[in-house]
Amino acid sequence: MADAATKACERCKTQNPAGANFCFHCGWPFGREPLAPPPVAEPQDPFADWSDATERVDLDNEQAREDIRARLAELAQEAEESEPPPPPEDQAPFPARLYIEEGPGSGTTFPLRSRETLLGAKAEVDLSADPFVGARAGLLTFEEDRLYVRDDGSVNGVYFKLREPARLRRGDHFIAGERVVRYDGAVNFSADVPAPGFLGAARPEGPVLRVTELLRGGATGRICYRKGPVISVGRSGCDLNFPTDQRISAKHAEIRVGPDGTVTLADLGSARSGVLLRLRPNEPLQLFDGDVLQLGAVLLRVKFS
């Protein structure tokens, strides 16, 4: 009988006394019209706004599905085989940078972003902290997938660390330790014969090779005359010795004369400082990852990354 004396709320379904005018639970008035359900949006045709020129493909058609699969495979193959677009003409074709390994500004890094980068005291690679670096000392140039450096006409020049023996020509300069040395090539002694009785080394006959130390300011220091076939440079026991230079090893470098008369400069690999040869005017040098350049007292290492 208890069930007959109650009625359910149309809103929350709570059982209320039969004579109740409002639901005791949610307050809904009995006898009120139920809320209308929210309107349902009519389905939209996704192709209604398409241009009349657009061709619709019936995916129920097996041939259409095969055509689509074939076209997708072609597009994927084209994307795989296509080469990336070339970089802009003034942009470096691959990532590279210079960083100062020794000298003023040690630790500074210079990203190479352009096809041409100037080195110097008034340049993109700013070496103005070194008073021996000119305003325009050197120029780095990208050519396709290679990087080159050349001397831009500076007084003190651009030197590169030898990777392997390099050919020497008359007038070439190189650095061993902290010494700048000039190779003068073959020279002849004066024909004047010294007065009899003068004590000294025997005079060699014919031309001899001369190697000259260059001092700061342009003066000359030690001068070495040898016939060859090897002229050694180092701290001690060599043909040209620099006993007070702490950056030079006992046997540091050699000037070698080949059977055909070719003269080469070799780093004996006994010192971290190595041997650096000055770039000749108008002769670009290709650079590789890890190469070292010297301008003034600044050592710059090349990194491709």
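This is a short talk on a predicted protein model, going from its overall make-up to its aromatic pairs, its pockets and three single residues.

Hello everyone, and thanks for having me. Please keep in mind throughout that we are looking at a predicted model.

Let me start with the whole chain. It has 305 residues, and 32% of them count as buried. In secondary structure, the chain has 1 helix and 22 strands. Now, how far apart in sequence are the residues that touch? If we take contacts between residues at least 6 apart in sequence, 43% of them join residues at least 24 apart.

On to the aromatic rings. How many aromatic pairs does a search of the whole structure find? The count is 3. Let me walk you through two of them. A pair like this is described by how far apart the ring centres are and by the angle between the planes.

In one of the pairs, Phe94 meets Phe304 edge-to-face, with 5.1 Å from centre to centre and 75° between the planes. These two come from distant parts of the chain, 210 residues apart. You will find Phe94 in the loop between α1 (62-81) and β3 (97-102), while Phe304 sits in the segment after β22 (298-303). Are they buried or exposed? Phe94 has a relative accessibility of 18%, so it counts as buried, the limit being under 20%. Phe304 comes out at 28%, which makes it partly exposed.

Next comes the pair of Phe189 and Tyr225. Here the rings are tilted, with 5.0 Å between the centres and 45° between the planes. Why does this pair tie together separate parts of the chain? Phe189 is in the loop between β12 (179-187) and β13 (208-214), whereas Tyr225 belongs to strand β14 (residues 220-226), so the pair bridges parts that are 36 residues apart in sequence. Both rings are partly exposed, Phe189 at 33% relative accessibility and Tyr225 at 31%.

Before we leave the rings, there is a cluster to point out. Phe94, Phe142 and Phe304 are linked into it by ring pairs.

Now for the empty space. Rolling a probe the size of a water molecule over the atoms is a way to show where such space is left. The largest pocket holds about 850 Å³. Which residues lie closest to its centre? Out of 25 lining residues, they are Ile175, Glu178, Val180, Arg216 and Gly296. The elements that contribute two or more residues to this lining are β11 (173-176), β12, β13 and β19 (275-278). As for its chemistry, the lining is made up of 10 nonpolar, 8 polar and 7 charged residues.

The second largest pocket has about 300 Å³ of space. Its lining has 14 residues, and Gly200, Ala201, Ala202, Arg203 and Pro204 are the ones nearest the centre. In this lining, 10 residues are nonpolar, 1 is polar and 3 are charged.

To finish, let me show you three single residues.

The first stop is Asp291, in the loop between β20 (285-287) and β21 (292-295). With a relative accessibility of 7%, Asp291 counts as buried. What does its side chain meet? There is a polar contact of 2.6 Å between the side chains of Asp291 and Arg163. A polar atom of the Asp291 side chain also lies 2.8 Å from the backbone nitrogen of Phe288. Setting aside neighbours within four places in sequence, Asp291 is in contact with Arg163, Gln286, Leu300, Arg301 and Val302.

The next stop is His252, in the loop between β16 (240-241) and β17 (253-257). This histidine is buried, with a relative accessible area of 1%. On its side chain, a polar atom lies 2.9 Å from the backbone oxygen of Gly274.

The last stop is Cys12. Look for it in the loop between β1 (6-8) and β2 (15-17). Cys12 has 27% relative accessibility and counts as partly exposed. Which residues does Cys12 touch, not counting those up to four places away in sequence? They are Cys23, His25 and Cys26. Gly27 is 15 residues from Cys12 in sequence, and their C-alpha atoms are 9.7 Å apart in space.

That brings me to the end of the tour. Thank you for listening!

Note on methods: Residues numbered from 1 in each chain as written. Predicted model: local features only at pLDDT ≥ 70, side-chain atom pairs only at ≥ 80, totals over all residues. Heavy atoms only, no water. Phe/Tyr/Trp six-rings, centres within 6.5 Å; stacked < 30°, edge-to-face > 60°. Helix = DSSP H or I, 4+ residues; strand = E, 2+ residues; numbered from the N terminus. Buried < 20%, exposed > 50% of the residue type's maximum accessible area, 1.4 Å probe, protein only. 1 Å grid on protein atoms, 1.4 Å probe; cavity = no way out; pocket = protein on both sides within 12 Å on 5 of 7 lines; lining within 4 Å. Points joined across faces, edges and corners; volume = space filled by probe spheres on them. Nonpolar A, V, L, I, M, F, W, Y, C, P; charged D, E, K, R; others polar. Polar contact = N/O pair within 3.5 Å; in protein donor to acceptor, adjacent residues only side chain to side chain. Contact = heavy atoms within 4.5 Å.
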